[in-house]
Amino acid sequence: MKLAVIDGQGGRIGAQLVAAIRQAGLPGEVLAIGTNSAATAAMMKAGADAGATGENPVIVACRDADVIIGPIGILSADALLGEITPAMAAAVGRSRAVKLLLPLNQCNTIVVGTRALSVSALIAETLGELEKLTGKS
């Protein structure tokens, strides 16, 4: 299973996701796809198998990923302080991968019906869904 973790800015959320996936011992290749080099470096340090930075790596990773994980902003052009380009958002949206998106209710996007949870609680819920997908639950 190929897991693409996409994050930007400092990569804090992506790094926490990668670390949680590693700690849970879930099967699969974890790709760190950063919108900038700091985000990629943070996810690589957290234990990703491979990493790449920028618009084209997001597009390429979305073509064959089985699961895409990241903040919900990766679906919105100009999100993450402008780091998500329209092409990146389209690639994520068009991908056939299962998308596990953390509803952070930022970037002027509020997901109605979600609970206000901490990042660590959102990551725990994401891990639960990922465990179901990998059959580890």
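A residue counts as buried when its relative accessible area is under 20%, as exposed when that area is over 50%, and as partly exposed in between. With that in hand, three spots in this predicted model are worth a look: Gly8, Ser95 and the surroundings of Met1.

Gly8 sits in the loop that links strand 1 to helix 1, the latter spanning 12-24. Its relative accessible area comes out at just 4%, so Gly8 is buried. As for what covers this glycine, setting aside residues up to four places away in sequence, Gly8 touches Thr35, Asn36, Ala39, Leu80 and Glu83. There is also a separation to note with Glu55: the two residues are 47 apart along the chain, and 11 Å lies between their C-alpha atoms.

Ser95 is another loop residue, placed between helix 5 (86-94) and strand 5 (98-102). Its relative accessible area is 8%, and because the cut-off for buried is under 20%, Ser95 goes into the buried class too. Once neighbours within four places in sequence are left out, Ser95 is in contact with Cys62 and Ile68.

Then there is Met1, found in the segment ahead of strand 1, which runs over 2-7. Here the relative accessibility is 42%, and since this falls between the 20% and 50% limits, Met1 is partly exposed. Together with Val98 and Leu133, Met1 makes up a nonpolar surface patch of about 230 Å². So the picture around strand 1 is mixed: Met1, in the segment before this strand, is partly exposed, whereas Gly8, in the loop between strand 1 and helix 1, is buried.

Note on methods
Residues numbered from 1 in each chain as written. Predicted model: local features only at pLDDT ≥ 70, side-chain atom pairs only at ≥ 80, totals over all residues. Heavy atoms only, no water. Patch = residues over 30% accessible without salt bridge, like charges linked within 9 Å, V, L, I, M, F, W, Y side chains within 5 Å. Areas by Shrake-Rupley, 256 points an atom, 1.4 Å probe, with all protein chains shown as cover. Salt bridge = Lys/Arg side-chain N within 4 Å of Asp/Glu carboxyl O. Helix = DSSP H or I, 4+ residues; strand = E, 2+ residues; numbered from the N terminus. Buried < 20%, exposed > 50% of the residue type's maximum accessible area, 1.4 Å probe, protein only. Contact = heavy atoms within 4.5 Å.
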